[in-house]
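Hi there,

Here is the structure I promised to pass on. Please have a look at it, and my notes follow just below.

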Amino acid sequence: MNPAATWALIAAALAAGWYAYGWPGLVLAVTAITFWMLLQFSRVTRVMRKAGNAPVGRVNSAVMLQSKLREGMSLMQVLALTGSLGERIEPPAEGAEESWRWCDDGGVCVTISLRGGRVVRWMLERPQNGV
């Protein structure tokens, strides 16, 4: 979610709580916002725990991963799809795209380019079988 939209929703919840019920409404709004933030934190730690326990750069099926990718997906969504951390291709120059690779047991690889933590493009690479 866009950070500006997130802050706008937080401000709206606080204002609505204060306007509707005064101090108790404000406390309720803060409680709801805290609960939402804890849910987001829990989701991130679950995805990172799962990805951290898997082999780096491995995925069950690179073709299936490639079919589920969409432009604009966040890195957290990609990690949830792959179930593992990617293998870095090359360190990026300042402001350039980052490239990460995931391969399956058949040698098929997906290279994903990210800019600002969002997917900008991806490429499926199949192994050469000498044909």
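Serine 74 counts as buried because its relative accessibility is 17%, and the cut-off for buried is under 20%. Please keep in mind that this is a predicted model. Serine 74 sits in the loop between α3 and α4. Leaving aside residues up to four places away in sequence, serine 74 touches Gly117 and Arg118.

A second serine may interest you too. Serine 99 is part of strand β2, and at 10% relative accessibility this serine is also counted as buried. What does the side chain of serine 99 make a polar contact with? The partner is the side chain of serine 113, at 3.5 Å. Beyond residues up to four places away in sequence, serine 99 touches Glu87, Arg88, Ile89, Glu90, Thr111, Ile112 and Ser113.

Now to the nonpolar side of things. The largest nonpolar core holds 15 residues, and those with the most contacts inside it are Leu65, Leu69, Val78, Trp102, Val110, Ile112 and Val119. Two or more residues of this core come from each of α3 (62-68), α4 (75-82), β2 (98-103) and β3 (109-115). Strand β3 supplies the largest share, with three residues.

If you want one core residue to start from, try valine 110, which is listed among those with the most contacts inside the core. Again not counting residues up to four places away in sequence, valine 110 touches Ala62, Leu65, Gln66, Leu69, Trp100, Arg101, Trp102, Trp122, Met123 and Leu124.

Happy to talk it through whenever suits you.

Best wishes

Terms used: Residues are numbered from 1 along each chain as its sequence is written. This is a predicted model: local features need pLDDT of at least 70, side-chain atom pairs count only at pLDDT 80 or more; totals for chains, interfaces and linings use all residues. Side-chain values use heavy atoms; hydrogens and water are left out. A nonpolar core is a set of buried Ala, Val, Leu, Ile, Met, Phe, Trp, Tyr and Cys residues joined through side-chain atoms within 4.5 Å. Buried means under 20% relative accessible area, exposed over 50%, partly exposed in between (1.4 Å probe, protein chains only). Helices (H or I, at least four residues) and strands (E, at least two) are DSSP runs, numbered from the N terminus. Contact means heavy atoms within 4.5 Å. A polar contact is a pair of N or O atoms within 3.5 Å; within protein, one must be able to donate a hydrogen and the other to accept it, and residues adjacent in sequence count only if both atoms are side-chain atoms.
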